[in-house]
Amino acid sequence: MQTKETTVSMVKTMEEMQQAYDIRREVFVAEGGESEEIEFDGNDFCAAHLLAFWKGEPVATMRMRIVSGTEGGTIIWERMAILKNARERNPWIFRALMNSARHYTDLMGLKNVIGIVENPKLMRFWRIYGGKETGEEPLELDGHTYRPIRLTIDRDEPQEEVTLRQAIMAVPEVFDETRKNT
């Protein structure tokens, strides 16, 4: 996705993964005071990752993990990190990440999105996208309070069938190819 000099793609290389880790380390560990153990919890190896570029520089990332295949499937959107300079100067980065996460979720045919939100400003954006607080108790983790949220996607429309060509391509290539059509 490209908006206001912002481009988002799926992480495809170890170099891009390191860029995502560097952004998360800056935002969550250096700025937010989280421990490395909490931030890098081992779930990166079973997830898809987005990397956002602004003016050609990596400035944001987001992790997406499919956590259930029942009842339409559930994905967790998490570890969204936007470098301070970028988030203060370009509000389109957040929207570009959210739209790209939604596209990935649609591509996978999933119906349920869950997440946790600490920042009240981000909760406002989740609401714009249809997210609601679940009513569960907030999660206390490493001195931070996170509110559980859920977004349910209406899947009454039939999903496009995956072609054999798409099935043998790497998911990031299919993601990029299908983004061109939206």
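These are legends for a set of close-up views of one predicted model.

The model is predicted, so local features need pLDDT of at least 70 and side-chain atom pairs count only at pLDDT 80 or more, while totals for chains, interfaces and linings use all residues. Residues are numbered from 1 along each chain as its sequence is written, and side-chain values use heavy atoms, with hydrogens and water left out.

**View 1. The whole protein, with its seven helices and nine strands.** Helices (H or I, at least four residues) and strands (E, at least two) are DSSP runs, numbered from the N terminus. Of the 182 residues in the protein, 43% are buried. Here buried means under 20% relative accessible area, exposed means over 50%, and partly exposed falls in between (1.4 Å probe, protein chains only). Take the contacts (heavy atoms within 4.5 Å) between residues at least 6 apart in sequence: 64% of them join residues at least 24 apart.

**View 2. The largest pocket, with about 920 Å³ of space.** A pocket here is an open set of points on a 1 Å grid over the protein atoms alone, where a 1.4 Å probe fits, with protein on both sides within 12 Å along at least five of seven lines; lining residues have an atom within 4 Å of a point. Grid points are joined across faces, edges and corners, and the volume is the space filled by probe spheres set on the points. The lining has 34 residues, and Phe28, Met80, Ala81, Asn119 and Leu122 are the closest to the centre. β5 (74-82) is one of the elements that supply at least two lining residues, and others include α1 (14-31), α4 (92-108) and β9 (144-152). The largest share, seven residues, comes from β5. By type, the lining divides into 20 nonpolar, four polar and ten charged residues. For that count, Ala, Val, Leu, Ile, Met, Phe, Trp, Tyr, Cys and Pro are nonpolar, Asp, Glu, Lys and Arg are charged, and the others, Gly among them, are polar.

**View 3. Helix α4, end to end.** This helix has 17 residues and covers 24 Å from its first C-alpha to its last, close to the 24 Å expected at 1.5 Å a residue. The expected span is 1.5 Å times one less than the number of residues. Buried residues of α4 include Ile93, Phe94, Leu97, Ala101 and Tyr104. Just past the helix sits glycine 109, with a positive phi of about 75°.

**View 4. Glutamate 34 and its partners.** Glutamate 34 lies in the loop between α1 and α2 (36-39), and it counts as buried at 8% relative accessibility. Its side chain makes a polar contact with the side chain of tyrosine 146 at 2.7 Å. A polar contact is a pair of N or O atoms within 3.5 Å; within protein, one must be able to donate a hydrogen and the other to accept it, and residues adjacent in sequence count only if both atoms are side-chain atoms. Setting aside residues up to four places away in sequence, glutamate 34 also touches Phe28, Val29, Glu39, Asp142 and His144. Aspartate 142 is 108 residues away along the chain, yet the two C-alpha atoms are separated by 6.4 Å.

**View 5. Two loop residues with positive phi, aspartate 142 and lysine 55.** Most residues other than glycine have a negative phi. Aspartate 142, in the loop between β8 and β9, has a positive phi of about 55° and is partly exposed at 35% relative accessible area. Lysine 55 is in the loop between β3 (48-54) and β4 (57-68), with phi near 55°. At 52% relative accessibility, lysine 55 counts as exposed.

**View 6. Threonine 61, in strand β4.** With a relative accessible area of 1%, threonine 61 is buried. Its side chain reaches the backbone oxygen of leucine 50 at 2.7 Å. Beyond four places in sequence, the residues touched by threonine 61 include Ala20, Ile23, Met80, Ala81 and Leu97.

**View 7. Histidine 49 in strand β3 and arginine 65 in strand β4.** Histidine 49 is buried at 5% relative accessibility, and arginine 65 is buried at 15%. A polar atom of the histidine 49 side chain lies 3.1 Å from the backbone oxygen of aspartate 44. The C-alpha atoms of histidine 49 and arginine 65 are 8.7 Å apart, with their positions 16 residues apart in sequence numbering. Leaving aside neighbours within four places, histidine 49 contacts Met10, Met17 and Met62, among others, while the contacts of arginine 65 include Asn43, Cys46, Thr74 and Glu78.
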